[in-house]
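Here are my comments on the model you sent, set out as numbered points so that each can be checked against the coordinates. I begin with one arginine and its partners, and move on to the rest of the chain afterwards.

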Amino acid sequence: MSLSEAEYMVQENSRTLLRVENLKKYFPVKGLFFTKGYVKAVDDVSFTIEKGETFGLVGESGCGKTTVGRTILRLIEPTGGRIVYEGRDVTKFRKNEMGWFRKKAQIMFQDPYSSLNPRQTVFQLVMEPVKHHGIGVDDPEDFVVELLELVGLNEGHLYRYPHEFSGGQRQRIAMARILSLKPDFVVLDEPTSALDVSVQANILNTLKDIQEDMDLTYLFISHDLGIVKYMSHRTGVMYLGKIVEVGESDRLFEEPLHPYTKLLFSAIPVPDPDIEKSKGKIEVQGEPPSPINPPSGCRFHPRCPYAKEICREKEPEFKEIEKNHQVACWLY
Ligand code: SF4
């Protein structure tokens, strides 16, 4: 390594696995000759994830949640900020120093078919990352069968090809591939949104079981609030590149504080018509503004029914309102 160990190390609480500090990812918007501006997909995002925890990230499509997941893993390079994993500042790692982190931190994508080579058997697909990282395995066949059983497949699937499986089974193959490296942390990026509703619950339960068996930590990204509530211990809500509220999922879903979170959650259908009627909807005007030129102050102010003068001028600080519940809003 070209940097000394001391240069990477950050003083860290022993339960914290991942610390994201002031993360920024700006994408240039190219004109014919010049860069016309930047899409601020992720703008000053901070949060921590504890070992064994599932941290959910929700928000409408285009709010930046997928970019957060990919930037944390450095699949795309951050524009600014720090990613500290197990007390080591990953943002300082050079390309040739990333091997350690690539084994520890993995990602599961929405569409497993695009990440599985159709010409490889399940055995080859699961062994590929192991070979790539030069990890020795005594009996590769036994090793793969054990992983397949862990994800709900079996020995009979070993020499079959991706096209012979359903969407849910392909997602299980993707899981086995990820687990072959014995990671500690997995970004689950809309892992069930391409699947039938009837299959979703099975996959989610398998992910929960594996988390317990292998002591995994998840970042769970989804636009589906019901699924995030079911999966996550804590949840962060994103709006236009910013996190506006973070809290323990039970508490957050029961009593959201930020006007945007209230809006988002009021759209969750409740089966009981009386409760559905009584929960009330908050009236919001307009569409989300462009992330190229986001509004000044609080980014939600053009749509917020409670906006006041200060909201247009000054960005609200992210404050702890009650234990483990933070919100960025001038109302608090
Ligand atoms: Fe609404 Fe102001 Fe709170 Fe933003 S800071 S959500 S505009 S009340």
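**Notes on the predicted model**

1. Arg-251 has a relative accessible area of 31% and is therefore partly exposed. The model is a predicted one, and the side chain of Arg-251 forms a salt bridge in it with that of Glu-322, at 3.0 Å from N to O. This pair links distant parts of the chain, since Arg-251 belongs to helix H10 (residues 249-254) and Glu-322 to strand S11 (residues 318-322), 71 residues apart. Glu-322, with a relative accessible area of 28%, is likewise classed as partly exposed.

2. Which residues are linked with Arg-251 in a network of salt bridges? They are Glu-254, Glu-255 and Glu-322. Of these, Glu-255 is placed in the loop between H10 and helix H11 (259-266), and its relative accessibility of 40% makes it partly exposed. Glu-255 also lies 9.7 Å from Phe-265, C-alpha to C-alpha, with their positions ten residues apart in sequence.

3. The structure as a whole holds 16 salt bridges, and two further pairs deserve a look. One of them joins the side chains of Arg-177 and Glu-128, at 2.9 Å from N to O. Because Arg-177 lies in helix H7 (residues 167-179) and Glu-128 in helix H5, this pair ties together parts that are 49 residues apart in sequence. Glu-128 is partly exposed, at 35% relative accessibility.

4. The other pair is Glu-86 with Lys-104, whose side chains meet in a salt bridge of 3.5 Å, N to O. Here too distant parts of the chain are linked, with Glu-86 in the loop between S4 and S5 and Lys-104 in helix H3 (residues 99-104), 18 residues apart. Glu-86 has a second feature that I would point out, namely a phi near 50°, which is a positive value in a residue other than glycine. The loop that holds Glu-86 runs between S4 and strand S5 (88-89), and the residue counts as partly exposed, at 30% relative accessibility.

5. A positive phi is also found at Arg-74, where the angle is about 60° although the residue is not a glycine. Arg-74 sits just after H2, in the loop between helix H2 (65-72) and strand S4 (80-85). Is Arg-74 buried or exposed? Its relative accessible area is 11%, under the 20% cut-off, and so Arg-74 is buried.

6. The helix that precedes this loop is itself mostly covered, with six of its eight residues buried. The buried residues in H2 are Lys-65, Thr-67, Val-68, Gly-69, Thr-71 and Ile-72, a list in which the reader will find a lysine and two threonines beside nonpolar residues such as Val-68 and Ile-72.

7. On the surface, a patch of negative charge gathers Asp-138, Asp-139, Glu-141, Asp-142, Glu-146, Glu-149 and Glu-155. Asp-139 may serve as a reference point within this patch, as a residue of the loop between helix H5 (122-132) and helix H6 (140-150). With a relative accessible area of 36%, Asp-139 is partly exposed.

8. A surface patch of another kind, nonpolar and of about 330 Å², is made by Tyr-306, Ile-321, Leu-331 and Tyr-332. Leu-331 is located in the segment after strand S12 (325-328), and its relative accessibility of 41% places it in the partly exposed class.

9. Finally, some remarks on the chain as a whole. Its secondary structure comes to 13 helices and twelve strands. The radius of gyration is 21 Å, close to the 20 Å that the globule rule gives for 332 residues, so the chain is as compact as a globular protein of that length. Along the principal axes, the C-alpha atoms fill a box of roughly 65 × 55 × 50 Å. As for cover, buried residues make up 48% of the 332 residues in the chain.

Key: Residues are numbered from 1 along each chain as its sequence is written. This is a predicted model: local features need pLDDT of at least 70, side-chain atom pairs count only at pLDDT 80 or more; totals for chains, interfaces and linings use all residues. Side-chain values use heavy atoms; hydrogens and water are left out. Patches are made of residues with over 30% relative accessible area and no salt bridge: like charges are joined within 9 Å, nonpolar side chains (Val, Leu, Ile, Met, Phe, Trp, Tyr) within 5 Å. Accessible areas come from the Shrake-Rupley method with a 1.4 Å probe; for residues, only the protein chains shown count as cover. A salt bridge is a side-chain nitrogen of Lys or Arg within 4 Å of a carboxyl oxygen of Asp or Glu. Lys and Arg count as positive and Asp and Glu as negative; His and the chain ends are not counted. The place of a charge is taken as NZ of Lys, CZ of Arg, CG of Asp or CD of Glu. Helices (H or I, at least four residues) and strands (E, at least two) are DSSP runs, numbered from the N terminus. Buried means under 20% relative accessible area, exposed over 50%, partly exposed in between (1.4 Å probe, protein chains only). The radius of gyration is taken over C-alpha atoms; the globule rule is 2.2 Å times the number of residues to the power 0.38.
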